[in-house]
Every structure is written in structure tokens, then in C-alpha cells.
Protein chains: 2
Amino acid sequence: MSPVRDVCVLGLGLIGGSVLRAAVAGGRHAWGASSSQTDTERAAADGFTTCPSAADALRAAAEADALIVIAVPLSAVDAVLGQVAAYAPNCLITDVVSVKRPVAEAVDQVLPGARYVGGHPMAGTAESGWAAGSAELFRGAAWVVGIEEETQVADWQEVAGLALDCGAQVVPAGLDEHDAAVARISHLPHLLAEVLASVGADGGPLALALAAGSFGDGTRVAGSRPELVRAMCEGNRMALLDAVDDALGRLGAARGSLASTGSLAVTINAGHSAREQLMALRTAGHEHVQVDLGEPDALDMLLSYGSSGGRVVALAGKTATVQVAGENGSN
Amino acid sequence: MSPVRDVCVLGLGLIGGSVLRAAVAGGRHAWGASSSQTDTERAAADGFTTCPSAADALRAAAEADALIVIAVPLSAVDAVLGQVAAYAPNCLITDVVSVKRPVAEAVDQVLPGARYVGGHPMAGTAESGWAAGSAELFRGAAWVVGIEEETQVADWQEVAGLALDCGAQVVPAGLDEHDAAVARISHLPHLLAEVLASVGADGGPLALALAAGSFGDGTRVAGSRPELVRAMCEGNRMALLDAVDDALGRLGAARGSLASTGSLAVTINAGHSAREQLMALRTAGHEHVQVDLGEPDALDMLLSYGSSGGRVVALAGKTATVQVAGENGSN
């Protein structure tokens, strides 16, 4: 295991392009390829190493035993995995797709037994393509690095190391736990924004003319490209259904209470307290704890910290430093 | 009718305090009173004319034939109207409460036959109290000035004139149309933010630790004081129920489609197109049209422009200048 393993990025859109930039900025030797000629040309024009095809990039990856980063939409993952199987089947693989279970299943299907550790940086903008990316996109952001029964600690450490080199903080999480969490804090917010935008527009020009801060904020992400929102939400179907059912239940209860008693106290007090939890988490004091990655229960320890909101902020040798809520924290 | 009618503001919180500041900045002689000693003292310390009680402020209003601005929460409107009835029953009255039909009904009850024209400036922050206010709060904002069958054009013009002096643009609207519109673009967004915050927190510390832009934006207004959100939403019960039913229907349809076909195309395409309508409205080119307030159908004309998203941007003599979407506009 080298701390400076090379990186091969497949897909040079907003996220992949930012990974390539950030990896290079973090001291890695890295190159990329994209099916978009525009993105490839722009990356090359910006001085980055690009290959004319994924096959070329993967041949180089096999030769260098590089870490492969799959940064394509979920719908293109199968095809890319097929190329990995053809050209670099023994490399360590990660990805930056917004759902994890479907990608893991695709890996099992196409490359059974592959060294795969899923990832998901929680960063992005409404923009897309190489031009929208930045080496700083992941600075301070959470980057989930998945842990499953079969995960090898050395592989996990490699992928977490790349995330740290890109400026992110690493959240260890099971793949299903990840998918359930992002359904609630990313995919449901997108869906509610779409619904709110439509209900507002149903009110006609008067309603839209009166719209101010709360409507503007609540509908902002409905401005994202519909195909991206669809790919993200539809790709996480089962977890999103759970989250939608929770929302439907809570909104239905609010409706019932408003209609019968005129009160929204339960809904509004619960929401306010939940929002305060979020803000407390963001302003909480921190402590650092060390996890010895040589211990047999290291990955379980990491999962336990991750599920409580902890983040790995440094890796040195066999030691992971985890930032957890401290004495001034809310939990 | 004087273009410089005095203004008496009852309630010196965020909105009332901003009206007092903006009215004075706009050249009016204005004074205020508040049941909050803190707000009264701060207003006086900032150099504004305050009265020790609403009774004193209203006696001065009666003497000067001032325009009375009721700037208290809906729950306090009845009590304030009782004082108006006692001390200044012949003055023109407006208000800045976020729902209009309940205030109009209170006026009918407490002061039948009063000269009342309801108002609602679409501006605010999550803060409250005098200290949070500003003379600039209404700059460029929409300020609904209500029109009913019995509205006198001269009274409407007085209230619209105050809104313009405060830097706002005037949206003429029926009271029920106003309440229906704000249910969709202000009260429902608050309720969805509360629901989203709770569903996110239901996901535990992992979910909150992964929360980024879409969840932060979508829950921002859940940070507002629960008693203010309750007063606003519960005060607009019937219209909010309609909006909630629309949201429940759309979210339920999305759920059904996701569960059965896996597709969210209808929901996401509709939401994206609605959001684009909003943005198009905000960047649309404008034209100006004149309405002669001396004509018998003047208020109907204003209502018609208002319902299409038009705003009165100037009043001079008997002429209202209305800004409407122009050739570059979206509608």
C-alpha cells in the first residue's frame, strides 16, 4: 500500500472533474477520461492528463495499479464496469455515485470478487460538466466511504485517503445506511421542492408575484436539471419510498390536526426542534479520538462513530483520527 | 386627501417598527406605540416618536386624522381594534398582518362600517422585535393592498401611497385571493420545511451529518420562532388546507409512480417547469400602463392587473402606474 497511489478518474463532469483536480492538488498522480469530448478537451486545456478513451485510461491504471474512481451517472455504471473488467480487473475501485447499494450490486454482477469500496462526496452545485468543477469542491465536505462485511481495511484506508487528499472529511457508513440517510436529507428535499414549486405555480401569477424568501429557498433545487434529479431519486427508490412515506404521514397528520383542532403545534414544534438539532450539530464543539486500524474490530468502530455523526479527519500509518461531538456538542 | 397624511403605527416589532422607520424616511410625520416596553424604549432611543400607550397614540391619530397601521399579531388584533373604536373610530385603518380575511372579519365585528383597507408587505426575516427592523425592509418588495366590493378608491390610494412611500411595490388583490396565494407561497413552504426537518432528524445523526445544501435550504424557515409560524399558518386555516391537499395529492402521486413504475418524471418535470416560471417572472422585461383612478372600473382594472402579477409602482394625482410583464416577459 502506497500513500501516493495513482488515481484514474472515469467521467469528468462536475464531480469527476473536481476529483481529478483535487487529487492532483493533493499531490497525486492522476488522469481521467470522459465520454464527453467537451469535458475531455476542457480538462486537457486546463493542463490535466486525459486519455482519448476509458480503455486507454484503464490500461494505464492496470499498469500503475491505480485506484479507479467511477464518476459517471448510475445509468452508465454497468458499461464502465464492463470496461474495468476488460482492462483493469485487479485494481481497487471506488465511485462517487449518489446511491451506494445499486452500484455495489452492479459490481457484484459485472466484476464479482472485485476490490470495491463505495464512496459519495456530499458536495455539488446545480451546475454540471467539467467547467463547473473545482479542486475546492470537497473542502470540509462529508465524503461517505462505505463499509460492508467483506470490506478490507487496507482498501477502505486507500479510498478514505483519497477523500482526505481531496480536502473532505470521511464518514464511514454501511451502504444501506447511506442510502437511507441521503433519501432523507437529499432526495426527499429535491422531491418536496418539486412539489412545492408546482403547488405555488398552481396559485397562478398572483401567487408567484408574491413569492418571497420561504418559497424561493424551498424551491431552489427544483431548478436542477430534471434528468439529474430523476437519476438520483429514482436510483434510490426503496429508501426514498420510506422517506416519502414518513413525509406523507407527517404532512397528513398536520392536515388532520389543522382541520379538526386548528392547531399545528405538534408539527411546528417538532420541525423547529429538528432544525435546532441540525444547527447544534453544525456548531458543536469537537473532540478527536483515535482508531487503530490494525485491530480486528476497526471497521466496526468506524461504523459506530460514523452512525453517531463522527468523521475521519486524518489517517496516518495505521491510525485514523475521528472527529466526534465534544463537550460543547449537542449529543 | 392629503399626500402627506400622518401615520400612527400600533405595534413596533419587526414589521411595525420597519413601517415607522420607512414612513419617516419617506417623508411622513409618524409615531407609534407598542405593548412591548423594550420595543418602545428602543424606538424612542433611535429618535422616533413613541407614545406611552395605544390610547395616547390613537388620540393623536384622531386629532390629526392619521392613517392607522395595525402591526400586531393576529391574536391581538381584536383588542387593538377595540381601542381604535374607543379613541379614533373615524380614522382610515390598514394592517400588515399576514392573513387578510380574518382581519377584515374582526373589523366588521368590532368596528362595523369602519374605513378599512387591508395590507400585507411580503417582507420579513427570521428575527423579530424593533431591533430587527429597518427602513429598507420593504425596498422593492411586494405589498398587497386589498380590494373588496366596499373599498373606496380614495382610501385604497391612501394605503397604497404609504406602501409606496415605504419603498414597496403595490399588488392589488382581493382578500381571499391574497389568503389563497400566501397559503401556497408562504405558509405551505413553512409547513413543508417543518416536515422535512423532522423527517431528516428521524434519520438520526448520520443523516444530519450528511445534510448539505438541499436540506439546509429546504429547512431554513423551520428555524423561525414556532409561535410566529403557528400564528401565521393557523390564522389562514382554510386556504392552507387547500394548499396542503394539493401538496399531499402531488406527493402521493409521486409516491405511487415511484412505487409502481419507478419513474418520477411527471413530478420532477412539472416542478422544474414551475420553478422556471418563477425565475422567468423575476427576470421578465416590464412595461408600464396607466390606470385612471377617476374611472368607475378603476379598482376592477387594478385587481385584474394584480391577478396577472402586475404591481403599482407609482401614484400621482388620480393616476396609478402599473408595472406589467413586457415583451421580454414569460406571460
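## How chains A and B meet

The contact draws 90 residues from chain A and 90 residues from chain B. Keep in mind that this is a predicted model, so everything below is computed from it.

How are the two copies related? A turn of 180 degrees, with a shift of 0.0 Å along the axis, lays chain A on chain B with an RMSD of 0.0 Å. That is the relation of a two-fold axis. Which residue of chain A comes closest to the rotation axis? That's Gly218(A), whose C-alpha sits at 2.4 Å.

The copies meet through the same surface, because 100% of the interface residues of chain A are also interface residues in chain B. Between them, the two chains bury about 8000 Å², and 70% of that is on carbon and sulfur atoms.

Now for the polar side of things. Six salt bridges turn up across the interface of chain A and chain B. One of them pairs Arg220(A) with Asp217(B), with the closest N and O atoms 2.2 Å apart. Counting polar contacts between chain A and chain B gives 30 residue pairs, both residues being at pLDDT 80 or more.

Which element supplies the largest share of the side of chain A that touches chain B? Helix H7 of chain A (residues 175-202) does, with 21 residues. By class, that side of chain A breaks down like this:

| Class, side of chain A touching chain B | Count |
|---|---|
| Nonpolar | 47 residues |
| Polar | 27 residues |
| Charged | 16 residues |

Notes
Residues numbered from 1 in each chain as written. Chains lettered and ligands numbered in written order. Predicted model: local features only at pLDDT ≥ 70, side-chain atom pairs only at ≥ 80, totals over all residues. Heavy atoms only, no water. Least-squares fit on C-alpha atoms with pLDDT ≥ 70 in both. Contact = heavy atoms within 4.5 Å. Buried area = accessible area lost by both parts, 1.4 Å probe. Salt bridge = Lys/Arg side-chain N within 4 Å of Asp/Glu carboxyl O. Polar contact = N/O pair within 3.5 Å; in protein donor to acceptor, adjacent residues only side chain to side chain. Helix = DSSP H or I, 4+ residues; strand = E, 2+ residues; numbered from the N terminus. Nonpolar A, V, L, I, M, F, W, Y, C, P; charged D, E, K, R; others polar.
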